[in-house]
Amino acid sequence: MSLEIRDLTVRLCSKKTSGKAVDCCDGINVVDSFFLTVKEKEVVSIVGESGSGKSFLGLSILRLNPPVISKIIRGEIRVRCSSQKDKVDILKLKQRELTGARGRLISMIFQDPNTSLNPVMKIGEQITEAILAHRKVSKAEAKDIAIFYLDSMNINGKFQFASYPYELSGGMRQRVMINSGRTYDGIRRNDFTASLETYQGY
Ligand SMILES: Nc1ncnc2c1ncn2[C@@H]1O[C@H](COP(=O)(O)OP(=O)(O)OP(=O)(O)O)[C@@H](O)[C@H]1O
Ligand SMILES: [Mg+2]
């Protein structure tokens with residue numbers, strides 16, 4: 001998978017509206033004319049001080065920046081996975097195409113597993129759901145894959161499959177997040193090792 005970002009500019013609006021989307025004439029550009037090329041198998045880390053806009057950039061790449069307070073002003077976000085010839089411009093996708101591309105073409109492991117995992121859903125089911133959403137496998141096969149992923153991150157898959165996020169340690173929760181991201185081709189990782197004391201087996 002390769003990623004090419006050109007002139008990406010995302011504005012944080014000065015006025016919050018109760019509506020679905022904002023006009024966003026006033027505000028500041030949290031991401032301002034950002035360029036980045038990530039080639040196949042290349043790993044790129046983005047470093048910056050707290051509040052400098054790293055997470056906002058990550059959310060914008062998947063067009064997950066909150067619409068009531070921000071707007072993508074201009075740019076191109078081109079993604080190509082190894083199996084596809086043509087590049088897809090994320091900013092030009094219709095909402096339905098975008099939903100299909102998220103998770104299948106490009107995905108994000110969020111910074112905070114405590115707010116990103118569903119607290120009332122078993123962790124195994126959360127991983128299984130992600131696998132089923134993007135792969136043509138049966139429910140039983142998806143469950144086996146989820147157990148395999150958990151085992152590979154030193155979490156006992158069979159035993160912990162039915163655990164809820166609150167029953168896991170912070171590091172285990174973070175690893176579950178990583179496993180959800182593993183179901184996809186392209187992954188954007190946002191401070192994804194923040195809760196891990198040691199990082200094993202991925
Ligand atoms: N939902 C939001 N509403 C209002 N402002 C926001 C929102 N999300 C982010 N911001 C602002 O956008 C700026 C960039 O935030 P962002 O989360 O991208 O920082 P960051 O570089 O990821 O920081 P950290 O290293 O602490 O995670 C900050 O000034 C933050 O206050
Ligand atoms: Mg951040």
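**Cores, helices and a ligand shell**

Reader: Which residues of the largest nonpolar core touch the most other members?

Author: This is a predicted model. The largest nonpolar core has 19 residues. Those that touch the most other members are Ile127, Ile131, Ala146, Tyr149, Leu150 and Val176.

Reader: Which element gives the largest share of this core?

Author: Elements giving two or more residues to this core are β5 (107-109), α4 (123-134), α5 (139-152) and α7 (170-181). The largest share is six residues. That share comes from α5.

Reader: How many residues are in the other core?

Author: Another core lies apart from the largest one. Among its members are Leu57, Ile61, Ile77 and Ile106. Its residues number 13.

Reader: Within what arc do the buried residues of α4 fall, seen down its axis?

Author: Helix α4 has twelve residues and reaches 17 Å from its first C-alpha to its last, close to the 16 Å expected. Its buried residues are Ile123, Gly124, Ile127, Thr128, Ala130 and Ile131. They line one face of the helix, because seen down the axis they fall within an arc of 160 degrees.

Reader: Is serine 116 buried, exposed or partly exposed?

Author: Serine 116 sits in helix α3 (residues 113-116). A buried residue needs 20 or more other C-beta atoms within 10 Å, and an exposed one has 12 or fewer. Serine 116 has 18, so its class is partly exposed.

Reader: Which residues is serine 116 in contact with, leaving aside its neighbours within four places in sequence?

Author: Glutamine 174 is 58 residues away from serine 116 in sequence, yet their C-alpha atoms are 9.8 Å apart in space. Contact is another matter, as it needs C-beta atoms within 7 Å. With the sequence neighbours set aside, the contacts of serine 116 are Phe110 and Met177.

Reader: Which helix gives the most to the shell around ligand 1?

Author: There are 13 residues around ligand 1. Ser50, Gly51, Lys54, Ser55 and Phe56 come nearest. By type, the shell divides into five nonpolar, seven polar and one charged. The element that gives the most, with three residues, is helix α1 (residues 54-61).

Reader: What share of contacts in the protein chain, between residues at least 6 apart in sequence, join residues at least 24 apart?

Author: The protein chain has seven helices and six strands. From the N terminus on, they run β-β-α-β-β-α-β-α-α-α-α-α-β. Of its 202 residues, 29% count as buried. Among contacts between residues at least 6 apart, the share joining residues at least 24 apart is 65%.

Key. Residues numbered from 1 in each chain as written. Chains lettered and ligands numbered in written order. Predicted model: local features only at pLDDT ≥ 70, side-chain atom pairs only at ≥ 80, totals over all residues. Near = placed C-beta within 6 Å. Helix = DSSP H or I, 4+ residues; strand = E, 2+ residues; numbered from the N terminus. Nonpolar A, V, L, I, M, F, W, Y, C, P; charged D, E, K, R; others polar. Contact = placed C-beta atoms within 7 Å. Core = buried A, V, L, I, M, F, W, Y, C linked by C-beta atoms within 7 Å. Expected span 1.5 Å × (residues − 1). Arc of directions from axis to C-beta.
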